[in-house]
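Grab a pencil and have a go at the exercises below. Try each one on the structure before you read its solution.

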Amino acid sequence: MLDYWDHILPGFVITMWLYIWALVMGFFLGLLLSIIRQYGGWVISRIATGYIELVRGTPLLAQLFLIYFLPFSINAILEAQGLPFIPIGRWSFHISSEILGRRITIVLLDQQTLVGIITLGLNSAAYQAEYFRGAMSSVGTRQLLAAQSLGMSRLAGIRHIVLPQALRRVIPAWSNEASYLPKYTVVVFYIGVVELFAQAHYIVTQLFLTLITYSLIALIFLSLITIISKALDSIHKRTSIPGL
Amino acid sequence: MLRIADVWKSYGNLQVLKKISFEVAEREVKVIFGPSGSGKSTLLRCINMLSPPDKGKVYLCGQNLMAPEINLNEMRARIGMVFQHFNLFVHLKAIDNVSIGLRRGKGLPKEEARAKALKTLARVKMEDWADHYPAQLSGGQQQRVGIARALSMDPDVILFDEPTSALDPELIGEVLQVMLDIAKTGTTMVVVTHEMGFANAVASEMIFLDRGIIVECGTPQHFFTSPKSERVKRFLKQIDILYGRHEELLKLPNEEGSK
Amino acid sequence: MSDIPDLPTIFFYILRTGLPATLLLTAQGLLWGFVLGLSLALMRVYGGKVLGWIASGYEKVFRGIPLVVLIVLFAFGIPGLFWFIDPIERPLTGVFLALALRSGAYQSQIFRGAILSVNPGQMKAARALGMSRFQAFRHIIFPQALRLSVPSWSNEYAVVIKDSSFAYEIGIIEMMKAAYRVTSNFPELWALSMGVVAILYFIFTYPVTRLFGERQTKKLKELGMGGG
Ligand SMILES: Nc1ncnc2c1ncn2[C@@H]1O[C@H](COP(=O)(O)OP(=O)(O)OP(=O)(O)O)[C@@H](O)[C@H]1O
Ligand SMILES: [Mg+2]
C-alpha cells in the first residue's frame, strides 16, 4: 500500500492545485458577483442573482458534465453542418521529475483539468458571492451614506469603506467555505482528472484493498480540511479589529 | 451661502417635505426642530443630495446642486454631515476616520491628510484617542470624532442631524460644548436638535418643522417668549419636560457675560 | 431509442426513470439524517463533556470526507457491512447510509445553532413556571428551535437532493444517470441533456429554498424569534 506513494503524492498535488485555483477564481468572481448583485442596476443585479441561484440550485456534477460535454456537442453539430470544429486535443502541460528513484509526472493542465478548474471556480464563485453579499448588507447603508457625505463617490465608498469591513466580517463564514472546498474537487475524477480519488481507484484495481485505500483517502481529506480551517482561524484572530 | 427653494420630497405616497424654503447666511447657525417623523432628517439629506428632492432647488454658494452637470461628490465634500448614530467607519481608527475624507474625497496626500486630521481631532479634544477604533470609544467621544470628520474637510456648511439624541445624558454636554466652540469660530451650521439651551446660545434663527411644513420661524427669544402657533407651544412644553435638564451642562455665553 | 430524442422526450425520460430513485434517496437521507442530527445536537447542547466531544468529533469527520469517498466506502469498501441485505441492494444501501451519515453531521449543526439561538430568557421563564428542564425543552425550546431551523433545513434538503446525483457512480438509475443514458448515442445532445437535468434539479430545489428559506426567515423575524 505505502509503496504506492508515487501515486498518492501526485494525486494530492493535483487536488491542491485544483483547490487553489477554484478558491482564487471563486473569490474574485464571487466578489464581483456580490458587488453587482448588491449595488448594480436593476438588470445586471438580476442577472447576477439568477446566476447565483442557478448554480446553487443545481448539482456540481451536472455543471461539470455540462461544461465538459459542451465542446463535444458543439462539434457534433458543426460536423453535421460540415463546418470545421473545435479541436479537443490531447494537449497537456506537465511537470515531471525523479523523486527517490521514481519518475513522477504531474499533469498541470489539459482539457479535463481546465474544465475541472473552470467548473469548480464558477461553482465556488456563486457560493462565495452569497457570503460576501451577506457581509456587505450587514455593513449597512449608513456607512456608505457617511462616506458619500464626505464627498466620496459611490464606487470609492464601496471600495474603501464597505469592502474592507465586509471582507473582515466575512472571514468566519468564508473560512468555512474555503476549508470545505477541497472535498468538492473530487468530482473532477468523473471527467478523468487524475487527482487523489482517481489515484485511489487505480490503487484499488491493483491491490484490491478497498477499505484501507479509501479510508486513507478519507483521512487525507480530513487532515487537509482540519489544517486549513485551523490556519484560517488563527489568521482571523490575528487580524481582528475591536468592534468588528 | 446656502439657499433652499421650494423643496418637495416624497417617499411613495408619503409626502415628507412640502414646499420648504429658507436661506442660511455665512457664519450663521440655523436650528431646525420639530416632532419625530416631521421630515428633519429628510431635509438634511435633501440638502447634500444623499436623497435628492423631487422638486425645488438647493443652492450652495450660488450653485444649484440639482443641475445635471454638477459633480455631486465634489459638492458633498463641501457640505459636512454629522449623523445621529455617528456612522463612524468601524474598521478605521479615529485618525483614519477623519483623514479618509481628506484623502478619498479631496485627494490630499497621506501625510498631509494625517497632519490635518490630527489638528482637527485636537479641536474636538480627541487627539489623545487618535489610535483607538470606534468600538473602543464612548458615544460622546465617537460623536466628537464624527464632528472632526466633517470639520476636517473645511466645508462651507456642516449639517448636524440630532447629534446628541443617541447619547447617554452625561455625555451630551461634551458634544454640545464642542459644537458651541465650533459655532463661535464662525462655522456655518444647520443643526437639527432639541437641545434648546444650545439653540438659545448660538442660533440666529430657529425653524419649527411639522409634517413637512415650516410652521414657524424666528429667533430663540421669539420661540421661548412668544411663540405664535399652538403646535409650537405644545411641542416646546414637551421638550421642556424631556430636555430641560441639560441646559446647565453648557457653559453658555450669556453666563460668561458676552450676551 | 434510435431516433434522435427531442427536448420533451429527454425531459420526461429523465423525470420518469430518474425521479423516483432521486426522491427516495433524498427522503431517506434527510429522514435518517434528521434523527441522527437531532440526537447529535442534543448531545452537544445538553450532553455534557464526553457526549458533546463525541458528537462534535462525529460532525468534523463526516463533514470533512468527500461524499463520493463515503459512498464508495460504504458501497464497496466494507464487505461484511450489509450481510443481512440482498447483495443486489447493497450498493443502494451504501448510498443511503453515506447520505444519511453526512446529512446527520450537517443537521446536527443546524439544530444545535437553532437550539442555542432560542432566547435564553425562554428557558428561565419556563423554569419559573415550575417546568422541569426536560419539560421546558420539550414544550418551549424545542418547538421554537424547530421553527428556527426551517430555513437552514430547507437548504439542507437542497444539498441532499443535489448530492444524491453521486449515486449514479454505483449504478443507481436516478436523474443524473438517466440523463447520461438518454442521449448516450448522440454526442450533439450530451450538453443539452446535462442542461435539462440541471434545470430539473433546480425545479426541485429553488422553490423550496425560496419558500422555506427567505419567507420563513421573514416570518420568524416578525415573530421576534431567535437572535435575541
Ligand atoms: N428612505 C425612506 N423610505 C421611506 N420612507 C422614509 C424614508 N426615510 C424617511 N421616511 C419617512 O419620512 C418621514 C420623515 O422621516 P425623517 O427621518 O425625515 O423624520 P425626522 O423628522 O428626522 O424624525 P426623527 O426625529 O425621528 O429623526 C417618516 O415618516 C419616515 O417614515
Ligand atoms: Mg431624524
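Below are three exercises on this predicted model, each with a worked solution.

**Exercise 1.** Work out which chains share the most contacts, and how chains B and C are placed.

Solution. Start by listing the pairs of chains in contact: there are 2. Of these, chains A and C share the most contacts. Now check B against C: those two don't touch, and their nearest C-alpha atoms sit 21 Å apart.

**Exercise 2.** Describe the make-up of chain C, from its fold elements to its surface.

Solution. Go through the secondary structure to begin with: chain C has 9 helices and 0 strands. Next, box it in along the principal axes, and its C-alpha atoms fill roughly 75 × 45 × 25 Å. Then look at burial: 48% of the 228 residues of chain C count as buried. For contacts with a separation of 6 or more, 77% come from residues 24 or more positions apart. On the outside, chain C exposes about 11000 Å², with carbon and sulfur atoms supplying 66% of it. Finally, take the charges: 21 positive and 12 negative, with mean positions 19 Å apart.

**Exercise 3.** Follow helix α3 of chain B: check its length, then find what covers its buried residues.

Solution. The helix takes in residues 94-105, 12 in number. From first C-alpha to last it reaches 17 Å, close to the expected 16 Å. Its buried residues include A94(B), I95(B), V98(B) and L102(B). Their cover includes α6 (154-184) of chain A, plus α4 (110-123) and α5 (139-151) of chain B. Just past the helix, G107(B) takes a positive phi of about 75°.

Methods. Residues numbered from 1 in each chain as written. Chains lettered and ligands numbered in written order. Predicted model: local features only at pLDDT ≥ 70, side-chain atom pairs only at ≥ 80, totals over all residues. Heavy atoms only, no water. Contact = heavy atoms within 4.5 Å. Helix = DSSP H or I, 4+ residues; strand = E, 2+ residues; numbered from the N terminus. Buried < 20%, exposed > 50% of the residue type's maximum accessible area, 1.4 Å probe, protein only. Areas by Shrake-Rupley, 256 points an atom, 1.4 Å probe, with all protein chains shown as cover. Lys, Arg positive; Asp, Glu negative; His and termini not counted. Charge placed at Lys NZ, Arg CZ, Asp CG, Glu CD. Expected span 1.5 Å × (residues − 1).
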